[in-house]
Amino acid sequence: MKVPQIADNDAKKSLILSPIHCRADGDANTVAKPGVPDQDETLLVTPEMISKEIERHYFLGSSNLQQQFVGGMGEGDGGVWFTPRHLLAPEPLMHYEELMRDTIALVKEKRPGITFGLYTSGLVNGSTSMDVIDRLGKGGIGLSCGEVSLLGGDPVSYLNVTEGVDGSASTVEKNAFGNVCAFIGMASEKGFPITAALADGPGNRSGKDLAKSLGALSTQTYQLPVDEGTICL
């Protein structure tokens with residue numbers, strides 16, 4: 001089942017990085033491409049590689065004034081956002097928690113004001129989801145906020161977007177919507193700022209109402225179908 005995490009690639013997000021594919025040469029990948037992640041490449045990624053790309057992004061390069069922000073680039077700066085790169089890439093919270101945590105800690109040694117966000121499906125193992133949510137913010141991974149793929153206001157709308165409405169959806173897939181709702185609700189109860197990502201369409205209005213009832217601070221609507229470069233898994 002495809003569970004899109006719909007990455008908003010406009011200017012409000014200053015830098016979108018994948019915890020899987022930030023290369024040693026510092027070339028950030030902001031465009032998703034379909035395919036299976038190269039496991040050998042994944043193992044090569046380190047917090048130092050990712051922090052190097054973040055440093056390059058925020059460094060203004062003035063040798064005289066040493067214009068290096070300890071924070072972001074002002075009110076228009078959306079901070080740094082982690083997102084999976086490939087359509088078949090795994091959920092970051094299930095596979096790359098330590099990598100994100102160590103990257104954030106490393107960056108904040110020099111630039112404590114930079115904020116970090118995460119695009120997530122909200123599909124975390126049910127038995128460990130509360131533990132993961134407890135670790136999202138300060139004292140854990142160090143994230144400032146997250147955007148969760150709620151997609152619609154009911155299971156049918158959700159499955160329509162995830163292409164699981166053809167009658168072949170498994171029990172796990174059918175339960176996915178409830179798990180996403182639970183993730184948003186639990187994170188909100190813990191005071192972690194959540195934006196709910198919604199697909200434009202019949203379930204959008206009910207999705208906004210549901211997101212509000214679950215405690216999401218805001219919603220972001222995306223047009224579907226979207227370009228290959230704006231949906232990440």
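I call a residue buried when its relative accessible area is under 20%, exposed when that area is over 50%, and partly exposed in between (1.4 Å probe, protein chains only). With that rule in hand, I looked up Y119, which is buried at a relative accessible area of 1%.

**Ground rules**

I am working on a predicted model, where local features need pLDDT of at least 70, side-chain atom pairs count only at pLDDT 80 or more, and totals for chains, interfaces and linings use all residues. I number residues from 1 along each chain as its sequence is written, and my side-chain values use heavy atoms, with hydrogens and water left out.

**The whole chain**

I began with the overall picture. The chain has eight helices and eight strands, which are DSSP runs numbered from the N terminus (helices are H or I with at least four residues, strands are E with at least two). Of its 233 residues, 50% count as buried.

I then looked up the accessible surface, which comes to about 11,100 Å², with 53% of it belonging to carbon and sulfur atoms. Such areas come from the Shrake-Rupley method with a 1.4 Å probe, and for residues only the protein chains shown count as cover.

For contacts I take heavy atoms within 4.5 Å. Among contacts in the chain between residues at least 6 apart in sequence, 79% join residues at least 24 apart.

**Aromatic pairs**

My search of the whole structure found three aromatic pairs. The rings of Phe, Tyr and Trp (its six-membered ring) pair if their centres lie within 6.5 Å; planes under 30 degrees apart count as stacked, over 60 as edge-to-face, and the rest as tilted.

I followed up W81 and Y119, a tilted pair with 4.9 Å centre to centre and 40° between the planes. Here distant parts of the chain are linked, since W81 sits in strand 3 (residues 80-82) and Y119 in strand 4 (residues 116-120), 38 residues apart. W81 is buried too, with a relative accessible area of 6%.

**Nonpolar cores**

I next looked for nonpolar cores, meaning sets of buried Ala, Val, Leu, Ile, Met, Phe, Trp, Tyr and Cys residues joined through side-chain atoms within 4.5 Å. The largest one has 45 residues, and the members that touch the most other members are I54, L93, F116, L143 and L150. Helix 7 (residues 171-189) gives the largest share of this core, eight residues.

What does L143 touch, leaving aside its neighbours within four places in sequence? I listed F82, I104, F116, G117, L118, L136, G137, K138 and F192. Apart from the largest core lies another of five residues, and I noted I16, W81, A197 and Y222 among them.

**Salt bridges**

I count a salt bridge when a side-chain nitrogen of Lys or Arg is within 4 Å of a carboxyl oxygen of Asp or Glu. The structure holds six.

I started with E55 and R111, whose side chains meet at 2.8 Å, N to O. They link distant parts of the chain: E55 is in helix 2 (residues 47-58), R111 is in the loop between helix 4 (97-108) and strand 4, and the two are 56 residues apart. Is each partner buried or partly exposed? E55 is partly exposed at 22% relative accessibility, while R111 is buried at 1%.

I then checked R135 and E97, with closest N and O atoms 2.5 Å apart. R135 lies in the loop between helix 5 (129-134) and strand 5 (145-151) and E97 in helix 4, so this pair ties together parts that are 38 residues apart in sequence. R135 is partly exposed at 33%, and E97 is buried at 17%.

My next entry is D134 with K190, where the closest N and O atoms are 3.2 Å apart. D134 lies in helix 5 and K190 in the loop between helix 7 and strand 6 (194-199), so the pair ties together parts 56 residues apart in sequence. D134 is partly exposed, with a relative accessible area of 43%. I also found that salt bridges sharing partners join E55, K110 and R111 into one network.

**Helix 6**

I closed with two residues of helix 6 (residues 155-162), one of them S157. S157 counts as buried at 13% relative accessibility. Not counting residues up to four places away in sequence, S157 touches G152 and G203.

T162 is in helix 6 as well, and it is buried with a relative accessible area of 1%. I looked up the C-alpha atoms of T162 and L151, eleven residues apart along the chain, and they are separated by 8.8 Å.
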